[in-house]
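Hi,

Here is the structure I promised to pass on to you. Have a look at it first, then read my notes underneath with the model open beside them.

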Amino acid sequence: AAHTVIILGRTARERNAAMAPPPPARKYGAPLFFCSFAPKSSSDAAEVVLGGGGGASSTGVANRLLLVRVEDNAGVKGGPHKERLESDPASELHTGDVTAVGGTLVPTKDYFIAVLSGGDGLVKYRLKSGEGDKKEFQKIDVADREKLKSFKQAEIKVATSDSTGTHVAVGYSSGKIVVYETGTFREVKSFDPAKHSEVLPEKGGVMNLCYTPCDGKLVVVRDNGTAFVWDHAAKKKTEKKESKKKSAEVAKVPGDGGMYRGCCSFEGGDGSSLFCLGVNGKDRRSKVSMWCVGGLGTGARRLVSRHAHNSAITALAGCSGAEQGRGRLVATACSEGDICIYSADHKMAVLHRVSNAHMIFVTNLAFSPDGRRLVSCSADAGARITNITKTGRQVGMEHNIFLALVALLLALLLSAVRVYLRQ
C-alpha cells in the first residue's frame, strides 16, 4: 500500500507540472525551420542546432545556423519544462542568401547534413573547437564539383540518414529520390516516379522520408498527401519481368481518411519494421497511426490509430530509445503550436501534451538520441526543449490503477445499493 501511495504522489506532482502553462519558447530573431541535437551531444551537456532565416537578402532577416546549449530552467522542478535553451547562441554561422530548411543528423559521424533552399542544396557541417574551446561550424567541402553543381540545380526538399550513417536519402520537389553514400555523395540508387505510374498515378514532390531500421526500406510522404514504401534494396528484374511488374519494389500505403504528413520508423519486437504517419483529416482534426511494413509488393497494414490534435499536423518525429529504457517514442506538433508525445510501445498512449508550446505552427521536431528530450522550432522564431519525464510503462500503470479504482468504486456502490434495498 505504501508503494502505491508513492506512485500516486509522484504522478500527481507530474500532472501539476504538466498542467501548468509552458514557459515561453526562446526567441532567436528569425523564423526557424530546422532543429536537431548536435553531433556527439551528451545527456549531461546537450546542445542543439537550429537553422532558419528570412530567405533572400532583400528581406533584411539574416539566414543562420545556431548552436544553442540546454540549461536548467530555474524555478521549475521536474515535469516537461525542467530544462530550456539558453537565450544566447554558443555559436552561429551566417549562410548568406540561403536558408536552412531541413537536414539530418548522421549517426556514428561527427557531422550533420543541412538542406539549404538554393545555394549548395546539401551541405555537411561539423562542429570544430575554436578559440577558448568555443565550437564553430565548419563546412565540409564536396570533392565532386559536378555533384555540387547538380545539387544547386535541383530543388531538394528533405534528406534523411539510415541508422548506420552509411547512406543518405534525398527527396526532390520533382518526386525523385536519390540514395547517396554519406561520405562521398556517390549515387547508389534513384527512384523515378514516372516508372511506377501504375501504383503512384498522382504527381507530387517528396515532403518526408525515413528509413526502416530492419530492412533499409524508405517510407515516403509526398506533398499531395499520399505515402508509399520504396524497397530500394530489391533486386532488379529482367526487362520482360520488369515490364509486367514495374512497381514490385513500391507499395502504396492505403488511404486513412485524410492527407499524410510526417513519418518515422522503428524496429518491431519480432524483427519487423514499423512506421508512423500523421494524418490530417478534412475536418481539420488530425491523428497519428502506426503501420507494419509488409513483404515485397504486399503493401502496409495499419496497427493502431489515435487522435492527435484539433488542427493539422505540421511536424512529426520518432525515437527508438529502447536501449536506454525509454521505449519507442513519437511526437507530433500542429498548426496551432501544440506538441504531443506518445509511447509507441503502448498503443500510442499520450505521455505529454504541451498546449501553446509555440505561438504559431511548428516547423520541425527532433528527439535526443537517448529519448530524454525533444527540441521543437517554429516560424515564430522560437525554439524550446520538452523533457520526457514519463514512460509508457508509467502510463500503463496509471491506467491500471485508474481501472482498479473504478472497479472498487463500482463494487462499493453496488454494496451500498444492496444494503439500501435490504432496508
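**What I found**

Let's start with Arg284, which is exposed, with a relative accessible area of 68%. Keep in mind as you read that this is a predicted model. You'll find Arg284 in the loop between strand S20 (273-281) and strand S21 (286-293). Its backbone is worth a look too: Arg284 is not a glycine, and yet its phi is positive, at about 75°.

Lys347 has a positive phi as well, of about 55°, although it is not a glycine. Where does Lys347 sit? Look in the loop between strand S25 (339-343) and strand S26 (349-354). Lys347 counts as exposed because its relative accessibility is 69%, and the cut-off for that word is over 50%.

Now for an arginine inside a strand. Arg328 belongs to strand S24, which covers residues 327-334. Is Arg328 buried or exposed? Its relative accessible area is 17%, so Arg328 is buried; the limit for buried is under 20%. What does the side chain of Arg328 reach? One partner is the backbone oxygen of Glu267, at 2.7 Å. Another is the side chain of Asp345, with which the Arg328 side chain makes a polar contact at 2.4 Å. Try showing Arg328, Glu267 and Asp345 as sticks to see both of these.

Next, go to Thr108. This residue lies in the loop between strand S7 (100-105) and strand S8 (111-116), and at 59% relative accessibility Thr108 counts as exposed. Which residues does Thr108 touch, if you skip those up to four places away in sequence? They are Lys40, Thr164 and Gly165. With Thr164 there is a polar link: a polar atom of the Thr108 side chain lies 3.1 Å from the backbone oxygen of Thr164. You can also compare Thr108 with Ser163: the two are 55 residues apart in sequence, and their C-alpha atoms are 8.7 Å apart in space.

**Inside the protein**

How many cavities of 30 Å³ or more are there? The count comes to 2. I only have notes on the second largest cavity, which holds about 40 Å³ of space. Its lining is made up of Tyr28, Ala30, Pro31, Leu32, Gly51, Gly52, Gly53, Ala62, Arg64 and Leu66. Sorted by class, that lining has 6 nonpolar, 3 polar and 1 charged residues. Two strands, S3 (47-52) and S4 (64-72), each supply at least two of the lining residues. Selecting the lining residues, from Tyr28 through to Leu66 in that list, should help you find the spot.

**The whole chain**

Finally, zoom out. The chain has 4 helices and 29 strands. It runs to 423 residues, and 50% of them count as buried. The chain exposes about 20,700 Å², and carbon and sulfur atoms supply 52% of that area. What share of the contacts with a separation of 6 or more comes from residues 24 or more positions apart? That share is 52%. The pair of Thr108 and Thr164 is a handy one to look at again here, with its 3.1 Å distance between a side-chain polar atom and a backbone oxygen.

Write back if you get stuck finding any of this.

Cheers

Note on methods: Residues are numbered from 1 along each chain as its sequence is written. This is a predicted model: local features need pLDDT of at least 70, side-chain atom pairs count only at pLDDT 80 or more; totals for chains, interfaces and linings use all residues. Side-chain values use heavy atoms; hydrogens and water are left out. On a 1 Å grid over the protein atoms alone, a cavity is a set of points where a 1.4 Å probe fits but cannot get out, and a pocket is an open set with protein on both sides within 12 Å along at least five of seven lines; lining residues have an atom within 4 Å of a point. Grid points are joined across faces, edges and corners, and a volume is the space filled by probe spheres set on the points. Ala, Val, Leu, Ile, Met, Phe, Trp, Tyr, Cys and Pro count as nonpolar, Asp, Glu, Lys and Arg as charged, and the others, Gly among them, as polar. Buried means under 20% relative accessible area, exposed over 50%, partly exposed in between (1.4 Å probe, protein chains only). Contact means heavy atoms within 4.5 Å. Accessible areas come from the Shrake-Rupley method with a 1.4 Å probe; for residues, only the protein chains shown count as cover. A polar contact is a pair of N or O atoms within 3.5 Å; within protein, one must be able to donate a hydrogen and the other to accept it, and residues adjacent in sequence count only if both atoms are side-chain atoms.
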